[in-house]
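Below is a walk through the structure, taking the second chain before the helices of the other one. Please keep the sequence and the model side by side while reading.

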Amino acid sequence: MADPHAGAGAPSVFAVAFKDAAFAALVALGLAAPMLGLVTVQTQSGIELEQHWGKVAIAVAIVFAGRLLLNLTLWRPGRKKSLGYVPPKVEARLARFAKYLAPLAILGAVVMPMLPFTERYAIDLGILVLTYVMLGWGLNIVVGLAGLLDLGYVAFYAVGAYSYALLAQYFGLSFWVCLPLAGILAAFWGVILGFPVLRLRGDYLAIVTLAFGEIIRIVLLNWYWFTGGPNGISGIPRPSFFGLDFDRGDDGFAATFGLTYSPLHRIVFLYYLILALALLTNVVTIRLRRLPIGRAWEALREDEIACRSLGINTVNTKLTAFALGAMFAGFAGSFFATRQGFISPESFVFMESALILAIVVLGGMGSQFGVAVAAVVMIGGFELFREFSDYRMITFGLVMVLIMIWRPRGLVSTRSPSVFLKEKKAISGSLVQEGHG
Amino acid sequence: MTEPLLSIRGVTAYYGAIAALKGVDVDVGEGEIVTLIGANGAGKSTLMMTIFGAPQARDGSIVYDGQDITRTPTHKIAQLKIAQSPEGRRIFPRMSVIENLKMGAAVTGYAHYEADLQRMFDIFPRLKERANQRGGTLSGGEQQMLAIARALMSRPRLLMLDEPSLGLAPLIAKQIFAVIAELNRTEGLTVFLVEQNAYHALKLAHRGYVMVNGQITLSGAGRELLEREEVRAAYLEGGR
């Protein structure tokens, strides 16, 4: 039997959808009329108002049609709504999958340069992405684990880069000597920043770290006789392969190994170098998370007062987080310097800090894998949009908004505990004993 | 009487210009359960925080085990075998139950972590069921158990509890009090208990203090206070 009220009493689905779409079109008209319809143009006699009502009509039509279509399909009343979040079962399966995904990703990264179809551009892009993966992992220690919002992370990247460049320029030290030194110097600056901000949290901490990042950049810009100011430092020596330079000479890398010289050798070498550095960051972080200091960082992120009342020295805990995060940025910085051969304060603007922070936040604070994925997506995406550089920032913002709507806690929001109660093992053990005989 | 384990003399504490504690004297003897009761805003929690050095006392002295801890930083106090389950439980919500417990053992350098963990699971079997769950997903009662267990993981001589019954169903609160009494009886654990639930607290405690407006107005044996007219009028009638 058909519902007698369907036609007469309740308005039909289409009528409702039409009404809603018409209203949306009205709103669109209100917005589009002044923004698209009226354009000021400079003429000889001054400024004139040009009218573009065709554009307005198109915009309104798009909104109306789109809204109507959505109302009749996705937003149709009574349509079973899909869950807004990933159900826990799928989440758990994803987590299990991720366990294999990480080694696979590493394997992929290792073999990538050896594949026959890999071009120089891909390796260059890989180096860039891995640099940000490393920076993301380094910042993850400070922001993701210890919960200290740092907006000036690029300062330590700059310290690392300038440490190497200046040490090489003034003392002629090689990359391999400077790499640890740059890390130590950056860590030292991390502690220097750490001390004044020990009592700050959240927004206040963010502001001070932001200021710190700018101070470092402006000092580099204005300390002309030492850092070269806006001209930067050029001719930074390239790294050697255990003392073998990547050049055409008889004692170069290619000649020693009986290869024909190719500029690609150095690129591939740099790729593996940054891969190793990034993986070092990852391994150290994963190991530390299981140690008391790593747990203390996470506890500090959760509740500082509880932490202190459990006998944790929060001063040391914060300073080690700052120092360690800064140290990895220092490594990455000196790698950046040796790869570019030229650095200037231009490379260490606030935008870089924001980008690295975005990678950490989008990846899911504290998740190593998520951070790596976010770095690939962001930097890779940035490169893809190189052609349309005008739309880069818009896309960047859009992606961030969308990820935050769908995954408010980042791409990988599950936090794997560092300690487990191995109850399951014990049960299976007892079952085995029962069953035999 | 022998020297008390914790001796608070003339302690004052301020929040800015506002006096929260106006010269408080409290003694907690070894092996005792001592409770501090009082209305909202009387300064009970402030006293507990002051013992733990945040905020530090402006005047007076706090002596623990013969050592002046009035100016000792919080984390150093925690290393003296004083454990605290602070107000509002303050467990680590995104860390698992077992990680929370492990944090409690940090002070001891994990010397007897495994054994203590087992002991906590014996005392609070619920925590064992929830061991790999995130702290924030526990119920209020379970979180309170976790907060107490976390404090006990450091093998304290003195356990300070701030309103362990707050927001709990009466039955769960009773369970928690029973555990406290049991630990005191079997292991001689000294307990300093801050409570609003005056009836249960005074029944449990050997001695009690009543705090009004940052001052101790009454003190005596727990059962004795329970009989006092003014205590009954202020904290028990209607409240129970």
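A convenient place to enter this predicted model is B:Pro55, which sits in the loop that connects α1 and β4 of chain B. The peptide bond between B:Ala54 and B:Pro55 is cis, with omega at about 5°. Most peptide bonds are trans, and most residues other than glycine have a negative phi.

The second half of that statement has its exceptions in chain B too. B:Arg89 has a phi near 70°, a positive value although the residue is not glycine. B:Arg89 belongs to the loop between β6 and α3 of chain B. B:Arg89 counts as buried because 24 other C-beta atoms lie within 10 Å, and the cut-off for buried is 20 or more. B:Tyr110 also has a positive phi without being glycine, here near 60°. Its loop is the one between α3 and α4 (113–123) of chain B. B:Tyr110 has 13 C-beta neighbours inside 10 Å and is therefore partly exposed; a residue with 12 or fewer would count as exposed.

The loop of B:Pro55 leads on to the sheet that contains β4. Four strands of chain B make up this open sheet, in the order β2-β1-β4-β5, and their pairing is antiparallel. Its edges are β2 (18–28) and β5 (67–68) of chain B, each of which pairs on one side only. Between β1 (residues 6–15) of chain B and β2(B) there are 8 bridges in the antiparallel sense. In that pairing, B:Leu6 is placed opposite B:Val28 of β2(B). Helix α1 (residues 44–51) of chain B lies across β1, β2 and β4 (59–64) of chain B, and runs at about 70° to β2(B).

Chain B has another open sheet, this one of 6 strands. The order is β6-β7-β8-β3-β9-β10 (chain B), and the pairing is mixed. The edge strands are β6 (82–85) and β10 (215–221) of chain B, and each pairs on one side only. From one strand to the next, the twist averages 15°. One of the parallel pairings joins β6(B) to strand β7 (residues 158–162) of chain B, over 4 bridges. There, B:Ile82 has B:Leu158 in β7(B) as its bridge partner.

How do these parts add up over the whole chain? Chain B has 10 helices and 10 strands. Its radius of gyration is 17 Å, close to the 18 Å that the globule rule gives for 240 residues, so chain B is as compact as a globular protein of that length. The C-alpha trace of chain B spans about 45 × 40 × 35 Å along its principal axes. Of the 240 residues in chain B, 49% count as buried. Contacts between residues at least 6 apart in the sequence of chain B join residues at least 24 apart in 66% of cases.

Chain B also touches chain A. In this interface, 23 residues of chain B are in contact with 22 residues of chain A. On the chain B side, the elements that give two or more residues are α2 (74–78) and α3 (97–104) of chain B. Of the elements on that side, α3(B) gives the most, with 5 residues.

In chain A, helix α8 (residues 202–222) is a useful element to follow. Which residues of α8(A) are buried? They are A:Thr209, A:Phe212, A:Gly213, A:Ile216, A:Arg217 and A:Leu220. These residues lie on the same side of α8(A), because they cover an arc of only 125° around the axis. The face turned away from that buried side carries the exposed residues A:Asp203, A:Tyr204, A:Ile218 and A:Asn222. The cover over the buried residues of α8(A) includes α6 (154–171), α7 (175–194), α9 (224–227) and α15 (350–363) of chain A. The length of α8(A) can be checked as well: at 1.5 Å a residue, its 21 residues should span 30 Å, and this agrees with its end C-alpha atoms, which are 30 Å apart.

The last stop is A:Leu279, in helix α11 (residues 264–290) of chain A. A:Leu279 is partly exposed, because it has 17 C-beta neighbours inside 10 Å. A:Leu279 and A:Ile106 are separated by 173 residues in sequence, and their C-alpha atoms are 8.7 Å apart in space.

Definitions and conventions
Residues numbered from 1 in each chain as written. Chains lettered and ligands numbered in written order. Predicted model: local features only at pLDDT ≥ 70, side-chain atom pairs only at ≥ 80, totals over all residues. Expected span 1.5 Å × (residues − 1). Arc of directions from axis to C-beta. Contact = placed C-beta atoms within 7 Å. Pairing = 2+ DSSP bridges. Axes fitted to C-alpha atoms, helices over the stretch in contact; angles between N-to-C directions. Rg over C-alpha atoms; globule rule 2.2 N^0.38 Å.
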